[in-house]
Amino acid sequence: MRAYTPKDDVQKKPYYTDRYWVAPQVAKSDVSEDAVFAADLEAIKAKFEVLDAYIQVEQMVVVIHAADNFSVLEMLKNELEYTQLSELSAIDWLAQEGKFEIFYQMLSMSKRKRLRVKCKIGEKESIQSVEKLFRSADWSEREMYDMFGVVINNHPFMKRILMPDDWEGFPLRKTYPLQGDEFAQWYEVDKIFGKEAREIIGPENRDPARVDRYDTERFARLGHEVPRGADISQGEPDTPLVYQEEGGVFMIDKFDAEKSVVISDRDR
Amino acid sequence: MQQPNRLRPFFENITFDRDDNELILNFGPQHPSAHGQLRLMLHLQQEQITKAHPDIGYLHRGMEKMAENMIYNEFMPTTDRMDYIASSSNNYGFALAVERLIGLEVPRRAKVIRMMLLETNRLMSHLFWLATTALDIGAMTVFLFAFREREYLMDLIEDYCGARLTHAAIRIGGVPLDLPDNFIDDLRKFLDKLPENIKDYEDLLDTNRIWKMRMENVGVISKEMALSWGCSGIMLRASGVEWDIRKEEPYELYDEVEFSVPVSDKGDNYARYKLYMAEMRESAKILYQVIDMYEGTGPELMAHAPQYISAPKIDIMTQNYSLMQHFVLVTQGMRPPVGEVYVATESPKGELGYYINSQGGAYPYRLKLRAPSFWHTGILTDLLPGHYIPDVVSIIGTTNIVFGEVDR
């Protein structure tokens, strides 16, 4: 029977599994331990519902409802001095709970604090663009759409950014294989030569580590050499191992200790 | 109206008949002064740009996807390929993020060596920036001078780790090697001469009439615009925001060394050029101090954390248990605790951040690379309109974007 591979997560899995190993946690501390963060959290809590808040690795994490994302960020920017949105992206939890987690990494230069706002949306749901607050979200949100297919409302120029415009599939989803899917392996052939050339050219090899044992064009067969391009799919000729030296080739002699000069004292 | 067919394809560079007399110019992706694979769609009225659409993705390798399919140590050489002008700073950002996730403390000698590598990389990057930008503007001499000095630094790095461009010179938990014998003497020789070299560049450029015409009051970024676009590094400091992560959120030994953060409020190309020059002097100052710190450090180079980091080579070769642990760490990889971390470092280009979400496995569940150049390319959308075609080249030059980092 073939081994079961889950279809909702095709990422590489570790070969070794340790069923008794319990992963430790990065320590989470209470927000009240940091006066600045505690004040910020109070201000957010006064206006919005906060699902969870804690400090991890010196940064506060605030989990909110996805519908509040614009207004919370607006408050952070205008009232709480988080003037820069340094990063924004998504995490794919579709296999576990059918949701994307979206995080906004904020920076306050006056307070020297970094804060992460997180929220979750379903696969078919959309999220409000924060481009009106931070221009940097323009490109980040395009990238998030490009990589995950997260739909964003009110974005001024929603278009793929890293992948070609006519690409199908969202590469950073866990369902997307590392080497690309079937669409990816025909993309360039179709684009450059047309679909009618598929038969002649064949699919693109997107696995740089692939070894084809019948390919005599690109792979050397040490000890079993055959002429380049020979078809060996139906069996191959026996290659007798013959070394040039054995026949006594001009200028090539086997090593002979008697004839050789041994340098005992190397001056380095 | 174009009638494209197979023999006469669509000419994307030219729109033939437009009522409003607008010309669309396709700049790149193979333009020599685009600093990599940048494609710009420029809408022009005569010579003036009315709209600009930067188009990226020509060097996209899916590093974040690759990271999800690799153990942590495997990913280290991949980070070299982001900002390949100063690759140790990428290595360092990643190593620091994983160390913060695990909670590792690095030995002092490793910290000193890391500081040396980071600052030499900053010098290399700034020299490279100066050379290429000056060449774009037409100053061939500066290009040759700056490359000469950069070559010396490359040799120095080669002495340390054997590589010139993709160093992979930093490991999670420390550094792999101690400094070679003549490293410090060679570095000091270079630093002693550097002020003269910088003065040479400045003599050639500072009052150069062409350089000033191309640089002064060109590509002015206001403070609000820089903050809103997520600018960092010199792009931010040239616009009047005093923010250097080395100073504000010090990592390694940056809180023990004396250096100042040059800031300008002009926001134009010339301000950025002056800041690059000033930063090179500051880097040299830091390096002098770090050289003096090296003497007093102990011999350890890697942190002691057997669960995550292999033991030193001598232990692996002599002690069975260290060998077993090394074997497990190489074949299975380290498994950091469950949690997430965002760590920002000041790379030569700006704020280089790594967001890691670990679910306790040997592969990161999600790794986001926050590369400064991404937004420094994005800002061209708002920055270029109103400028003229020759300004495009000088503006791209001073944004100091590297496409390995933009596309990742």
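# Exercises on a predicted two-chain model

Strand E6(B) is covered on both faces: Arg366(B), Lys368(B) and Arg370(B) on one side, and Leu367(B) and Leu369(B) on the other, are all buried. The structure is a predicted model, and the exercises below begin with this strand.

**Exercise 1. Determine how far strand E6 (residues 366-370) of chain B is enclosed, and identify its pairing with strand E5 (residues 350-358).**

Step 1. A residue counts as buried when its relative accessible area is under 20%. By this criterion, five of the five residues of E6(B) are buried, so the strand is largely enclosed by the rest of the structure.

Step 2. E5(B) and E6(B) run antiparallel and are joined by five bridges.

Step 3. Within this pairing, Arg366(B) of E6(B) has Asn357(B) opposite.

**Exercise 2. Describe the environment of strand E2 (residues 39-45) of chain B and its pairing with strands E1 and E3.**

Step 1. Of the seven residues of E2(B), six are buried, so this strand is largely enclosed by the rest of the structure.

Step 2. Strand E1 (residues 23-27) of chain B is joined to E2(B) by five bridges in an antiparallel arrangement. Here Leu25(B) has Leu42(B) as its bridge partner in E2(B).

Step 3. Strand E3 (residues 48-55) of chain B also pairs with E2(B) in the antiparallel sense, over seven bridges. In this case His53(B) of E3(B) stands opposite Met41(B).

Step 4. E2(B) and E3(B) form a hairpin with two residues between the strands, and Gln46(B) in this hairpin takes a positive phi near 55°.

**Exercise 3. Establish the strand order of the six-stranded open sheet of chain A, and state which strands stand at its edges.**

Step 1. The order is E1-E2-E3-E6-E5-E4, and the pairing is mixed.

Step 2. Strand E1 (28-29) and E4 of chain A are the edge strands; each has a single partner strand, so one side of each is left without a neighbour in the sheet.

Step 3. At one edge, E1(A) pairs with E2(A) in the antiparallel sense over two bridges, and Ser29(A) has Ile55(A) in E2(A) as its bridge partner.

Step 4. At the other edge, E4(A) and E5(A) are antiparallel over nine bridges. Ser89(A) is matched with its bridge partner Phe103(A) in E5(A).

**Exercise 4. Decide whether E4(A) is mostly covered or uncovered, and examine Ser86(A) as one of its residues.**

Step 1. E4(A) is mostly covered, since ten of its ten residues are buried.

Step 2. Ser86(A) lies in strand E4 of chain A and is buried, with a relative accessible area of 0%.

Step 3. Leaving aside residues up to four places away in sequence, Ser86(A) touches Gln105(A), Met106(A), Leu107(A) and Arg114(A), together with Tyr342(B), Glu351(B), Arg370(B) and Trp375(B). One of these, Arg370(B), is among the buried residues of E6(B) treated in Exercise 1.

**Exercise 5. Characterise the interface of chain A and chain B by its contacts, area and polar interactions.**

Step 1. The contact involves 58 residues of chain A and 57 residues of chain B.

Step 2. The buried area is about 5,000 Å², and carbon and sulfur atoms give 54% of it. Arg135(A), Trp139(A) and Leu162(A) supply 15% of the area that chain A buries against chain B, more than any other three residues.

Step 3. Ten salt bridges are found across the interface. In one between Arg116(A) and Glu340(B), the closest N and O atoms are 3.4 Å apart, which satisfies the cut-off of within 4 Å.

Step 4. In addition, 28 residue pairs with both members at pLDDT 80 or more are in polar contact.

Step 5. The elements of chain A that each supply at least two residues to the side touching chain B are strands E2 (50-56), E3 (59-64), E4 (84-93), E5 (99-108) and E6 (113-122), and helix H4 (136-148). E4(A) gives the most, with ten residues.

Step 6. By residue class, this side of chain A comprises 31 nonpolar, twelve polar and 15 charged residues.

**Exercise 6. Locate Gly235(A), classify its exposure, and relate its position to Thr83(A).**

Step 1. Gly235(A) belongs to the segment after helix H6 (198-201) of chain A.

Step 2. Its relative accessibility is 45%, so Gly235(A) counts as partly exposed.

Step 3. Gly235(A) and Thr83(A) are separated by 152 residues in sequence and by 69 Å in space, C-alpha to C-alpha.

Definitions and conventions: Residues are numbered from 1 along each chain as its sequence is written. Chains are lettered from A and ligands numbered from 1 in the order in which they are written. This is a predicted model: local features need pLDDT of at least 70, side-chain atom pairs count only at pLDDT 80 or more; totals for chains, interfaces and linings use all residues. Side-chain values use heavy atoms; hydrogens and water are left out. Contact means heavy atoms within 4.5 Å. Buried area is the accessible area (1.4 Å probe) that two parts lose on being put together, summed over both. A salt bridge is a side-chain nitrogen of Lys or Arg within 4 Å of a carboxyl oxygen of Asp or Glu. A polar contact is a pair of N or O atoms within 3.5 Å; within protein, one must be able to donate a hydrogen and the other to accept it, and residues adjacent in sequence count only if both atoms are side-chain atoms. Helices (H or I, at least four residues) and strands (E, at least two) are DSSP runs, numbered from the N terminus. Ala, Val, Leu, Ile, Met, Phe, Trp, Tyr, Cys and Pro count as nonpolar, Asp, Glu, Lys and Arg as charged, and the others, Gly among them, as polar. Buried means under 20% relative accessible area, exposed over 50%, partly exposed in between (1.4 Å probe, protein chains only). Two strands pair if DSSP finds at least two bridges between them.
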